[in-house]
Amino acid sequence: MDIEYLINKLSTTNSLCFDELLYLIKNIDKQGLELRQNLYKLASHTRDKYYGNKVFLRGLVEVSNYCKSDCYYCGIRCSNKNVDRYRLDKKDILDCCEIGYKIGYKTFVLQSGEDLYFDDDKMCDIISCIKNKYPDCAITLSLGEKSYDTYKKYFLSGADRYLLRHETSSESHYSKLHPSNLKLSNRKECLENLKEIGFQIGAGFMVDSPFQTDEDIVNDLLYLKELNPHMVGIGPFIPHHDTIFKDYKPGDLNKTLLILSITRLLLPASLLPATTALASIDPKGRNMGLLAGCNVIMPNLSPYELRNKYSLYDNKLSTGCEAYEYHKSLEDTINNLGLSIDYSRGDNINWRRVKCL
Ligand code: SAH
């Protein structure tokens, strides 16, 4: 197989088969770095073709670090007794949104551990309050696995999007990253339910998570291609000192960029963030992500004094240049890359809100 041929095929047909993707991932750097640069360029052009050379901003509110789940890789999993737990109340969350709205954000992302305190009534009240106050804004939720009915209530209260990374599409790999009560089949069913209800959905996975093989990554990419989510979240795995994976290496920057650029070409219309994890493993990570086809940044809007408590992994950036306080410098950085901030809601171009069945 010829790498140059594969890259061109990927960029013109937006698909490759399992063997082709595996060959590309394993061999792209064998003849120097030129082919990789070409891949990034094609990914950026594809982003520009579908969305223009724009970057969309999402204000991230980390609602609670209480979690009933025990995902082995995650710093806030329930069995970590060293976490100083907090949860925001409705007023705190609305205050965060107000700060974001003043800067110009048109999407608020509520992310949280799986905190049972927020029953359907509480969460729907928060969603509808944000929506009433900011009807021109989109609400994205990232609250984990819930029932069909709960998702439907969230949607009817005004939520527009839902992020739920599938984490890995391999059953055996999934069971090495999660306790036995968490099932890949349930995670996938949640994604199908969210899609059926009418959300813009986001799936994704970590690069270089423990036990991950290149074959797993290819299967993740093919799963994403088939699911065709509106958003894709892919960032490097980063160890957390209070987890059993504390001695594993953080994900590789170049590998993450490679997977992001391939994802852009496989799913040309996707909204693809240069994640906080990518920015956390390298000071240039976020910019490099934007040059490899990403088009979303999620600045942190959480209350300053609580940010270091939402510690999914070690050295997670939260108060540096990805935070809202540095908005001006973020704007300059993005402009210097030949991109510009788009202050619209930034919905996926193939999505329209339709009334729930
Ligand atoms: N409770 C929500 C939000 C989880 S945190 C849910 O279940 O979806 C959001 C994402 O952070 C996770 O999906 C996971 O892919 C990522 N994450 C968690 N721990 C991480 C780590 N150690 N390194 C990198 N990413 C991590």
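The exercises below, each with a worked solution, concern a predicted model of a protein with a bound ligand.

**Exercise 1. Describe the surroundings of the ligand, beginning with the residues that come nearest and ending with the area that the protein covers.**

Solution. Begin with the shell, which consists of 16 residues around the ligand, of which Tyr-73, Ser-112, Arg-165, Glu-167 and Ile-238 come nearest. Sorted by class, this shell contains nine nonpolar, four polar and three charged residues.

Next, turn to the polar atoms. An oxygen atom of the ligand lies 3.1 Å from a polar side-chain atom of Arg-187, while a nitrogen atom of the ligand lies 2.7 Å from a backbone N or O atom of Ile-238. For Leu-312, a polar backbone atom is 3.5 Å from a nitrogen atom of the ligand.

Finally, consider the cover: on its own the ligand has 560 Å² of accessible area, and the protein covers 91% of that area.

**Exercise 2. Which helices each supply at least two residues of the lining of the largest pocket, and how does that lining divide by class?**

Solution. First list the lining, which is made up of Asp-29, Leu-33, Arg-36, Gln-37, Tyr-40, Asn-254, Leu-257, Met-288 and Leu-291. Then assign these residues to helices: α3 (34-51), α10 (253-266) and α12 (285-291) each supply at least two of them, and α3 contributes the largest share, with three residues.

By class, the lining divides into five nonpolar, two polar and two charged residues. The space in this largest pocket comes to about 150 Å³.

**Exercise 3. How many cavities of 30 Å³ or more does the structure hold, and which residues line the second largest cavity?**

Solution. The structure holds two cavities of 30 Å³ or more, and the space in the second largest cavity is about 50 Å³. Its lining is formed by Ser-112, Gly-113, Glu-114, Asp-115, Phe-118, Met-123, Leu-143, Lys-146 and Tyr-154, which by class gives four nonpolar, two polar and three charged residues.

A comparison with the first exercise shows that Ser-112, a member of this lining, is also among the residues that come nearest to the ligand.

**Exercise 4. Is Asn-348 buried or exposed, and which backbone nitrogen lies 2.7 Å from a polar atom of its side chain?**

Solution. Locate the residue first: Asn-348 lies in the segment after β9 (340-342). Its relative accessible area is 3%, and because the cut-off for a buried residue is under 20%, Asn-348 is classed as buried. A polar atom of the Asn-348 side chain lies 2.7 Å from the backbone nitrogen of Asn-350.

Methods
Residues are numbered from 1 along each chain as its sequence is written. This is a predicted model: local features need pLDDT of at least 70, side-chain atom pairs count only at pLDDT 80 or more; totals for chains, interfaces and linings use all residues. Side-chain values use heavy atoms; hydrogens and water are left out. A residue is near a molecule or strand if one of its heavy atoms lies within 4 Å of it. A polar contact is a pair of N or O atoms within 3.5 Å; within protein, one must be able to donate a hydrogen and the other to accept it, and residues adjacent in sequence count only if both atoms are side-chain atoms. Accessible areas come from the Shrake-Rupley method with a 1.4 Å probe; for residues, only the protein chains shown count as cover. Ala, Val, Leu, Ile, Met, Phe, Trp, Tyr, Cys and Pro count as nonpolar, Asp, Glu, Lys and Arg as charged, and the others, Gly among them, as polar. On a 1 Å grid over the protein atoms alone, a cavity is a set of points where a 1.4 Å probe fits but cannot get out, and a pocket is an open set with protein on both sides within 12 Å along at least five of seven lines; lining residues have an atom within 4 Å of a point. Grid points are joined across faces, edges and corners, and a volume is the space filled by probe spheres set on the points. Helices (H or I, at least four residues) and strands (E, at least two) are DSSP runs, numbered from the N terminus. Buried means under 20% relative accessible area, exposed over 50%, partly exposed in between (1.4 Å probe, protein chains only).
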